[in-house]
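Here is a set of exercises to work through with the model open beside you. Try each task before you read its solution.

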Amino acid sequence: MEAITYRLDQFEGPLDLLLNLISKNKVSIADIPIAVICDQYMEYIVEAKELNMDIASEFIVMASELILIKSKMLLPREEDEPEEDPRAKLADALARLEAAKSVAGELGKRYAQYSGRMAKDSEDISPDKTFVKDYDAAVLVPAMRRVLAEYRDTEAI
């Protein structure tokens with residue numbers, strides 16, 4: 001089954017909307033104020049009533065996860081119980097999405113700059129080693145003299 005990506009306005013999914021809300025509120029991903037972000041997230045869902053339910057369902061699932069995290073943070077904790085931040089998984093997913101979007105932006109710039117280029121084969125011509133004939137030095141010396149004589153004549157002109 002292929003992965004489906006939903007685009008709502010400028011958001012590519014529920015995590016993208018969360019990342020947008022976090023950056024809009026100028027808060028750290030590691031320390032998300034769940035109550036504020038959850039309220040704003042729910043406002044966005046309410047404003048988008050005319051959405052297709054299949055598409056909106058993923059956003060509603062994320063809203064329910066935010067509410068679950070919010071409720072876990074409100075519950076009293078045992079003193080001897082190790083304190084685990086319920087926002088940790090969400091913060092990790094958001095950090096990975098932010099890194100991926102940053103890299104995608106950089107790759108997009110490089111694609112725009114370099115996509116019109118075409119590679120060309122090198123112009124090196126390899127020597128032909130198929131024809132090999134033994135020459136005697138006595139034959140090559142007069143040939144070299146003729147070449148040098150022609151070179152001197154052309155230099156004088």
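**Exercise 1: The chain as a whole**

Of the 157 residues in the chain, 21% count as buried, where buried means under 20% relative accessible area, exposed over 50%, and partly exposed in between (1.4 Å probe, protein chains only). A word on the ground rules: this is a predicted model, in which local features need pLDDT of at least 70, side-chain atom pairs count only at pLDDT 80 or more, and totals for chains, interfaces and linings use all residues. Residues are numbered from 1 along each chain as its sequence is written, and side-chain values use heavy atoms, with hydrogens and water left out.

Task: describe the secondary structure, the surface and the contacts of the chain.

Solution, step by step:

- Start with the elements. There are five helices and zero strands, in the order α-α-α-α-α from the N terminus. Helices (H or I, at least four residues) and strands (E, at least two) are DSSP runs, numbered from the N terminus.
- Turn to the surface. The accessible area of the chain is about 13,100 Å², and carbon and sulfur atoms hold 55% of that. Such areas come from the Shrake-Rupley method with a 1.4 Å probe; for residues, only the protein chains shown count as cover.
- Finish with contacts, meaning heavy atoms within 4.5 Å. Taking those between residues at least 6 apart in sequence, 62% join residues at least 24 apart.

**Exercise 2: Confidence**

Task: find which element has the lowest mean pLDDT and which has the highest.

Solution, step by step:

- Recall that pLDDT is the predictor's confidence in each residue, from 0 to 100. The chain has a mean of 76, and 82% of its residues reach 70 or more.
- Compare the elements: α3 has the lowest mean, 75, and α4 the highest, 88.
- Look at the start of the chain. Over residues 1–8 pLDDT stays under 50, and the model has twelve contacts beyond four places in sequence for this stretch.

**Exercise 3: The nonpolar core**

Task: find which elements give two or more residues to the largest nonpolar core.

Solution, step by step:

- Define the term. A nonpolar core is a set of buried Ala, Val, Leu, Ile, Met, Phe, Trp, Tyr and Cys residues joined through side-chain atoms within 4.5 Å.
- Locate the core. The largest one has 21 residues, and those with the most contacts inside it are Leu18, Ile32, Tyr41, Leu66, Leu90 and Leu94.
- Assign the elements. α1, α2 (34–47), α3 (53–74) and α4 each give two or more residues, and α2 gives the most, with six.
- Zoom in on Leu90. Leaving aside neighbours within four places in sequence, Leu90 is in contact with Leu15, Leu18, Ile32, Ile34, Met62, Leu66 and Ile69.
- Check α1 (residues 14–24), where the buried residues are Pro14, Asp16, Leu17, Leu18, Leu19, Leu21 and Ile22. Just after this helix, Lys26 takes a positive phi of about 55 degrees.

**Exercise 4: Salt bridges**

Task: find how many salt bridges the whole structure has, and describe each pair.

Solution, step by step:

- Set the cut-off: a side-chain nitrogen of Lys or Arg within 4 Å of a carboxyl oxygen of Asp or Glu. The search finds two.
- Take Asp92 and Arg96, whose closest N and O atoms are 3.3 Å apart. Asp92 is partly exposed at 42% relative accessible area, while Arg96 is exposed at 54%.
- Take Arg110 and Glu106, which meet at 3.4 Å, N to O. Arg110 is partly exposed at 47%, and Glu106 is partly exposed at 36%.
- Compare positions. Asp92 and Arg96 both lie in α4, four residues apart, about one turn of the helix; Arg110 and Glu106 also both lie in α4, four residues apart.
- Add the general rule: an α-helix has 3.6 residues a turn, so residues three or four places apart point the same way.

**Exercise 5: Lys101 and its partners**

Task: find which residues Lys101 is in contact with beyond four places in sequence.

Solution, step by step:

- Place Lys101 in helix α4, partly exposed at 41% relative accessibility.
- List the contacts: Asp16 and Leu19.
- Compare sequence and space. Lys101 and Asp16 are 85 residues apart in sequence, yet 9.5 Å apart C-alpha to C-alpha.
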